[in-house]
Structures are given as C-alpha cells and as structure tokens.
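Work through the exercises below with the sequence and the 3D structure at hand. Each task is followed by a solution in steps.

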Amino acid sequence: MNCQQFQEVLPYIIESGGKPEEEQHLEGCAACSALVEDLRYIAEQAKLLLPMHDPNPRVWNNIEQSLHREGLLPATEGRMSLTGHLTKTSTQAKNWTPLGWALALTAVILFAVALNNYTTRQLPSGRFSAQNVPADPATNMDGDDQQLIAQVAKDDPGARGAYENSLREVNSYISDAERAARQDPDDPYARELLQQAYEQKEMLYQMATARSLP
Amino acid sequence: MNLFPTNATVEPAQISRSTLRLAITGFTLTFFAATANAADVRKEAKLELAPGGNITIVNGSGSVALRSAFSGRQVVVAYTTHSDKVEVDLNTTADKQRVELRTHAIAGQKPTPDEAKVDFEVAVPPGAVVNVNTVSAPVTAEGISGDITLSSESGQIEVHNMAKSHLHIRSMNAAVSLTGINTTHVDVSSNGGPVHMSNVVGPRVVVGTTSGNVDYRGDCSGGGDYIFTTHSGEIDMWLPKSASVEFSAHTRTGSVENEFPLEEKPHPNLPQSQGRSFAGTSNSGSSSVELDSINGKIRVKKQ
C-alpha cells in the first residue's frame, strides 16, 4: 500500500480503525503517521464543541437591566426580546444530533485530507518547512524563522549572524532528513535523523526564547 | 659653545630626573591598575536548599563554575561583578525547594559587553537539579552529581568527573567537552559546536549535532546505548581492541570506515551498503553503538 492508497481510505480509518495492511503502512510511513495524528487531534478538538449550558436567568436579567440603564436597549424591545434571542441561540446549539456531529466530523476530516493533498501538489518535494510555510529559497528560512531572527536582532544585533547561520544549517538538515525519510519510509535510521533534526531546531527556538525572558 | 656638556656637574640632575620619571611611571601604572579593578566586587552567600531541590543560574556573559559542595543542604555562591551597571538577584523560595541566581542590568543602564560580565562559582549539593543558562559565558562543572542541564549559545561547556547523574547539554556554537563521566544518562545537542567525549560511560549516551563534529575516546563496553547523529559533522570513535560492542553505522552521502573485525548480524535491519554503512558485533557486543549521518564521515578506529 502506498501513501495515495492509504489517504484514499483515511476517513474510514479515522472513524472505525484500520485494517492490518493499513496499520502496517502507518507504522512505516512518517508522513501518513503525522497526518493521522493531526486528524485525530482535530477530531478530539471537535468533541469540545459541545453545547454550552445556559447561565442562570438572573444573569440575563442583570445584563438586560444594565443595558436599559445605559440606554443601549430600546424600551420597546422589552425583556422578552433579549432573553428570547439569547435562549434561541442556545437552544439551536442543543439541537445537534449524533448524525449532525458525524457529518460535521466527516466534513472536517475530508477538508483536512483535501488540504493536505492540495499542499503536497503545490510544493515541490524537499521544500517543506517546519511550519508548513514555504521557505524562502534564497535564505532557506520561513516566516517564523525570520520573525525569530528579527526578535533576536532587536535585543542583540550581534547575535543575528549566529542565529541566521544556525537556522540555515538546521533547515538544510531537516530538508535532507525529510527527503531521506520519504525515499526510505521503512528506514528507522532516516526517521531517527528526522527527529534529531527537528530537535535541533527546537533547541534554537528555545535558546532564542530564553534570551527574551526578563 | 658646548651645547652638550658631559661634565660631572650634570649627573646629579640626570639621576634626579630619572628617579622622577620612574616614580611617575610607577604611580601611573599603580593608578590605572587600581582604577581597572575598582569596579570588581566579589560577594559570597550561602543559601539553604532542600534535598533534591532546584538551582537555576542565568548569566549572559562572564563565567559559571560549578563544583561539589561539602554540605548536603547548602548552595555556596561566590560571584564577581565588574561594573555597577549589573546586579545579581539571589532568590530562595520559602520551602527551600528552589534557588535562583540571575544576572541582570540595572534599570536604565546599558552595560558594555565587558561590564555585563559576572563570574560565578557555585558549590552544588549532591543530587540537586541544576539548570544553567548562558549566552557567551563558559560553563565548567567538576565533580557534581544530580540532574544537570547546561545550556549556552557560544560559551564552552566542560564537564569533568560526574557519576550516577543525568546530564543534558545544549549548545548552539560552543564546544562541549565531557571527561570522566560514569553511569550517567547523557544527552547532548549541539548545533555547530564540536562535542568531545573522553571516558564517557552510561546506560544511554545520546549526542546530536547539525554541523558539529563528534569524537569519542574510551571503552563504552558495559551495556549502554550510544547514539550519535549528525547532519554534516564528522563522527570519530576510538575504542580499545577489547571493546564489546554491537555497531550500526549509516550515512546517506558521506562515508564510513571501520577498523574492527565484525561478526555480521544474522538479520540486519537494513541491507548494508559498501562504504556507506556497516553493522556487526565486536566481541560479545554488550553495548549498542548507533552512528548516523546525512553527509558527514563516520570513522571507528582502534585505540
């Protein structure tokens, strides 16, 4: 099974688990593994969109009275208009059914898959950056890197060069390690190098952040 | 007219002038020496620390030297400032679980790089958790134990004689040197700085660099995992003939060299590529050594 075949059945895998063949591909492919992890995270976050409980009616009364006192609420609209409007919104939120949630979740997953495929086609291989933002080919740095360097240089202009060089080197490391992992998805050493490359970049960001602390 | 008299009558005046010159020179040197050190202020403090407590040291430039404390409950701190534009905050929490030493510029002051330097000497109780963070200050640790994290952008990091500890080192461009480390978990991450290890032994020794070279000298037999990775740095290992090690070395576009006769594994993880990888066991293979690079050279040699 290759990555394209795997991603075609991805929504099914997320919702009801995968077959042994798909599990095997997942274990050997860092890219698909990361994608599934992202989608599961999205799915987990989607569960947090549960309907909220209404606050006590006294809260609405107090708000309404405050708005009347401030002259922000016309007298003709009266009490029912405010409470009625707010309650209606809340009631709508409670009307979500399991089917509705399933459809929403499926839509999110399909959107994520489409987004992933779209990005893959747009960027040539070997040009992925750490933050999914295209790197500037001239400097081999993405927007986050440039922002980091600007922040470091603002506090200590002398440190700019060292951070620029280090980020350029580590981005080259990540780029090469990603290429190696793509060429040999089953190579555990390639995955180890990729992990190390990202840890190197994380270290640089932590050092730069530590500088800005009081 | 004799414009350059050489008679004896001028001698007393010459001697007197020479003496005066000497005195003036001496006075001037003494004055400059005194003013140069006028701003140097050394202070000492003793801070209580609960067993296993945390010591944090933040010092941009200057130096940090750590050594083992005689007392198990006290952090002994001595520091020297070289300007009145910086100060050191010494803080201890009420429960004695945390001690923090932090250098900072006094509000409204802009010290020069030399004025900003502070030199720390800290005696650390055994078993403490120590975090040192510097920008250019070199860090030296001698004979301490505990959970030690040393981080510096460009200050050299040296650790000697450590045992039964956890050692984490992070360096951007600074050289890292470890000597005489035993039964210690070691984790070194260096971007461009070289990492030198001599007699470093532990259950897990992990070193990763981007372009920094890695070299190891000693006998890592004894059951540990040794993992060295780099992008473009070179990895060199010098081991005794008797080393009991299972090797696995791979490079993408670099090269590998090995002087040890190896017994091949019956089921290697990956097919071996001539000049780009080797794997096998030397003696009984009690320790595992994994060496990986993208395009750096890997060399394993006999001591």
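**Exercise 1: neighbours in one sheet**

Task: find the residue of strand 8 of chain B that stands opposite B:Ile57.

Solution. B:Ile57 faces B:Val132 in strand 8 of chain B. The model is a predicted one, in which local features need pLDDT of at least 70, side-chain atom pairs count only at pLDDT 80 or more, and totals for chains, interfaces and linings use all residues. Residues are numbered from 1 along each chain as its sequence is written, and chains are lettered from A and ligands numbered from 1 in the order in which they are written. Strands here are DSSP runs (E, at least two residues), numbered from the N terminus. Strand 2 (residues 54-58) of chain B runs parallel to strand 8 of chain B, and five bridges join the two. Two strands pair if DSSP finds at least two bridges between them.

Task: follow the pairing from strand 8 to strand 12 of chain B, by way of strand 10.

Solution. Start at strand 8 (residues 128-134) of chain B, which is parallel to strand 10 of chain B and joined to it by seven bridges. On this side, B:Val130 stands opposite B:Ile148. Next, six bridges link strand 10 to strand 12 (residues 166-171) of chain B, again in parallel. Here B:Thr149 is opposite B:His168.

Task: why is strand 10 of chain B described as largely enclosed?

Solution. Five of the seven residues of strand 10 (residues 146-152) of chain B are buried, so the rest of the structure largely encloses this strand. Buried means that 20 or more other C-beta atoms, placed from the backbone, lie within 10 Å of the residue's own.

Task: what is the strand order of the open sheet that holds these strands, and which strands stand at its edges?

Solution. The order in chain B is 5-6-2-8-10-12-14-16-18-23-20-22, twelve strands with mixed pairing. The edges are strand 5 (86-92) and strand 22 (277-282) of chain B; each has a single partner strand, so one side of each lacks a neighbour in the sheet.

**Exercise 2: another open sheet**

Task: give the strand order and the edge strands of the open sheet that contains strand 3 of chain B.

Solution. This sheet of twelve strands in chain B is ordered 1-4-7-3-9-11-13-15-17-19-24-21, with mixed pairing. Strand 1 (41-48) and strand 21 (256-258) of chain B are its edge strands, pairing on one side only. Inside the order, strand 3 (residues 62-68) and strand 9 (residues 139-142) of chain B run parallel and share four bridges. B:Ala65 has B:Thr140 of strand 9 as its bridge partner.

Note on methods: Buried ≥ 20, exposed ≤ 12 C-beta atoms within 10 Å, placed from the backbone.
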